[in-house]
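User: I've got this model open next to its sequence and I'd like to walk through it with you. Can we go question by question?

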Amino acid sequence: MRPTGGGEVVIDELEMMLLDVIYFILRNSVRVFLRPRTKPIDGELVLITGSGGGLGRLFAQEFTKHGAEVVLWDVNSSPNEQTATLVRALGGKAHTYTVDVTNRADVYRSAELVRKDLGRDVTMLVNNAGVVAGERMLDCPDELIERTMKVNCHALFWTVKAFLPQMKAQNHGHIVTIASVLGLFSTPFVEDYCASKFAAVGFHESLAHELLAEEVEGVKTTLVCPYIVDTGMFEGCKIREEVEMLLPPLEPQYCVEQAMNAILIDQPLVCIPRLTYLPFLSRALLPWESNVVTYRFMGSDKCMLPFIESKKKQMANGPVKTTNRDHLNGAVQGLWQCAQVRLFECRFRRLRLRHFISQELQHLLCCVPLGHFLTRSHSFGSLVAHCHLYHGKSSDRRGEIRMGRAELLMGWLALSEGRVPAGQGML
Ligand SMILES: NC(=O)c1ccc[n+]([C@@H]2O[C@H](COP(=O)([O-])OP(=O)(O)OC[C@H]3O[C@@H](n4cnc5c(N)ncnc54)[C@H](O)[C@@H]3O)[C@@H](O)[C@H]2O)c1
């Protein structure tokens, strides 16, 4: 006997829901074999964060090939310019901005600037910038853990808040989050990364549900969860050899093409490769202990140790020796950006950078016989527009660099911990 009144409505809606569930399961199964038509994106304005290298650069090129105009945001200006050059070589339009996505003031200001410069709104946002500390949690400086959370998770809030309102107003847009399979299941020794990517997945899914609950059907979302990609981010990471034959690190180009396929059909979630849906499912369905033994068998329980080891070696082995000026620029810019971020946060904006360089940091910089090295900061504009690094006490003036990553990190930490008093400038 069917209930009457409110009960009948619930039963009807339940039946409808079950039919819908079955329909979407069937539709998505068919889509695995018969791909739906892709949407045209020529004329879209696509903003990509972390576009200075790796996947971000390839995304810029792929979107260009599909006729979109790209806005490139990266904290590193010179590699970002290289991406723009590649985009222009493909006949596309690229606009570069040096933005630290962890700095919300910088994000909001740059978003306004993009609007003003281009006279139009961003219609697709690809949140791609990402970092990993690469150290065991108990050895890892707090600042590095914080940085992972800020880049991989907090930044998503700032960029979405900057660009979603216009998309909603026009009921047109697309938000893409490049998370990771490590946002769906975890692996040991990368707690910072897993935590930040689980957070990114949570953020993205909640946002996607919100847009649907508000019936903003024109703003689409795609969550991209790749397995290890061969960009160098997890260099050294190794699972059991026999399993690695089944699941080798992804070619960056393949990864981006798969992600593009998903974006262009408005697919809400894509795991690359498909095989990685399996551990995602087993995490949800199997007992914890079953997953533990599977991890052990596959070598996933210790796969990050060689990666951490290789990162440690890079840091501790000290002197990176090169006569290549570009390499030198990269190393110094790393320190420079860290210093800028800290300085910005410390609200020392109006003062000259040299006043904040302590003897300690100068000593570190002395390890670099830089000669008369000029660097520029877009984000700090006139503040550090022409800053000459310390000429170095070293007599070596052949332009040889002797600066290890450990030293760069120490310099950064000195700044982070406020051990860099003002007014001792020697520049
Ligand atoms: N490489 C992998 O194995 C892998 C696997 C799964 C997911 N992912 C994700 O894919 C995305 C791209 O990774 P990738 O391998 O190309 O990394 P990558 O290191 O090659 O590139 C990351 C880019 O982000 C930029 N960036 C870092 N901090 C920034 C900041 N504060 N503001 C602006 N830009 C910043 C860097 O300058 C760099 O250009 C990341 O979100 C990463 O977590 C990577």
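User: Which helix gives the largest share of the shell around the ligand?

Analyst: Keep in mind that we're looking at a predicted model. Three residues of the ligand shell come from a single helix, and that's the largest share. The helix covers residues 54-65, so by numbering from the N terminus the name you want is H2.

User: And which residues come nearest to the ligand?

Analyst: There are 27 residues around the ligand. By class, that shell holds 13 nonpolar, 12 polar and two charged residues. The ones that come nearest are Gly50, Gly52, Gly54, Gly130 and Thr231.

User: Let's stay with that helix. How do H2 and H8 lie relative to each other, parallel or oblique?

Analyst: H8 spans residues 252-264, and its axis is 9 Å from that of H2. The two pack at an angle of about 55°. Roughly parallel would need an angle under 35 degrees and roughly perpendicular one of 65 to 115, so H2 and H8 count as oblique.

User: What is the handedness of that crossing, and which residues of H8 make the contact?

Analyst: H2 passes H8 in a right-handed crossing. On the H2 side, the contact uses Gly54, Leu55, Leu58, Phe59 and Glu62. The contact residues divide into seven nonpolar, two polar and one charged. From H8, the names are Pro252, Gln253, Cys255, Val256 and Met260.

User: Now the sheet. What is the order of its strands?

Analyst: It's an open sheet of seven strands with parallel pairing. S3 (94-98) and S7 (269-272) each have a single partner strand, so one side of each has no neighbour in the sheet and they sit at the edges. From one strand to the next, the twist averages 15°. Reading across, the order is S3-S2-S1-S4-S5-S6-S7.

User: Which residue of S3 stands opposite Asp74?

Analyst: S2 takes in residues 69-74, and S2 pairs with S3 in the parallel sense over five bridges. Asp74 is matched across the pair by a residue of S3. That residue is Thr98.

User: Which helix lies across S1, S2 and S3?

Analyst: S1 covers residues 45-49. The helix in question is made of residues 104-118 and runs at about 150° to S3. Its name is H4.

User: How does H4 lie against H5, roughly parallel or roughly antiparallel?

Analyst: The axes of H4 and H5 come within 9 Å and cross at roughly 25°. H4 passes H5 in a right-handed crossing. Arg104, Val107, Tyr108 and Ala111 of H4 meet Trp158, Thr159, Ala162 and Phe163 of H5. Since angles under 35 degrees are counted that way, H4 and H5 are roughly parallel.

User: H5 also packs on H6. How many residues of that contact are nonpolar, polar and charged?

Analyst: H5 (residues 142-170) and H6 (residues 191-213) pack at about 15° with axes 8 Å apart, and they're therefore roughly parallel. Their crossing is right-handed. Residues from H5 in the contact include Ile145 and Met149, while those from H6 include Tyr193 and Phe203. By class, the count is 11 nonpolar, three polar and two charged.

User: Backbone oddities next. Which residue other than glycine has a positive phi?

Analyst: Most residues other than glycine have a negative phi. Here there's one with phi near 45°. You'll find that residue in the loop between H5 and S5 (173-178). The name is Asn171.

User: Last one: which two residues does the cis peptide bond join?

Analyst: Most peptide bonds are trans. For this cis one, omega is about -5°. Pro273 sits in the loop between S7 and H9 (277-285). The bond joins Ile272 and Pro273.

Terms used. Residues are numbered from 1 along each chain as its sequence is written. This is a predicted model: local features need pLDDT of at least 70, side-chain atom pairs count only at pLDDT 80 or more; totals for chains, interfaces and linings use all residues. Two strands pair if DSSP finds at least two bridges between them. Helices (H or I, at least four residues) and strands (E, at least two) are DSSP runs, numbered from the N terminus. Axes are lines fitted to C-alpha atoms, for helices over the stretch in contact, and angles run from 0 to 180 degrees between N-to-C directions. Two residues are in contact if their C-beta atoms, placed from the backbone, lie within 7 Å. A residue is near a molecule or strand if its C-beta atom, placed from the backbone, lies within 6 Å of it. Ala, Val, Leu, Ile, Met, Phe, Trp, Tyr, Cys and Pro count as nonpolar, Asp, Glu, Lys and Arg as charged, and the others, Gly among them, as polar. Angles under 35 degrees count as roughly parallel, over 145 as roughly antiparallel, 65 to 115 as roughly perpendicular and the rest as oblique. A crossing is left-handed if the near helix is turned anticlockwise from the far one by less than a right angle, and right-handed if clockwise.
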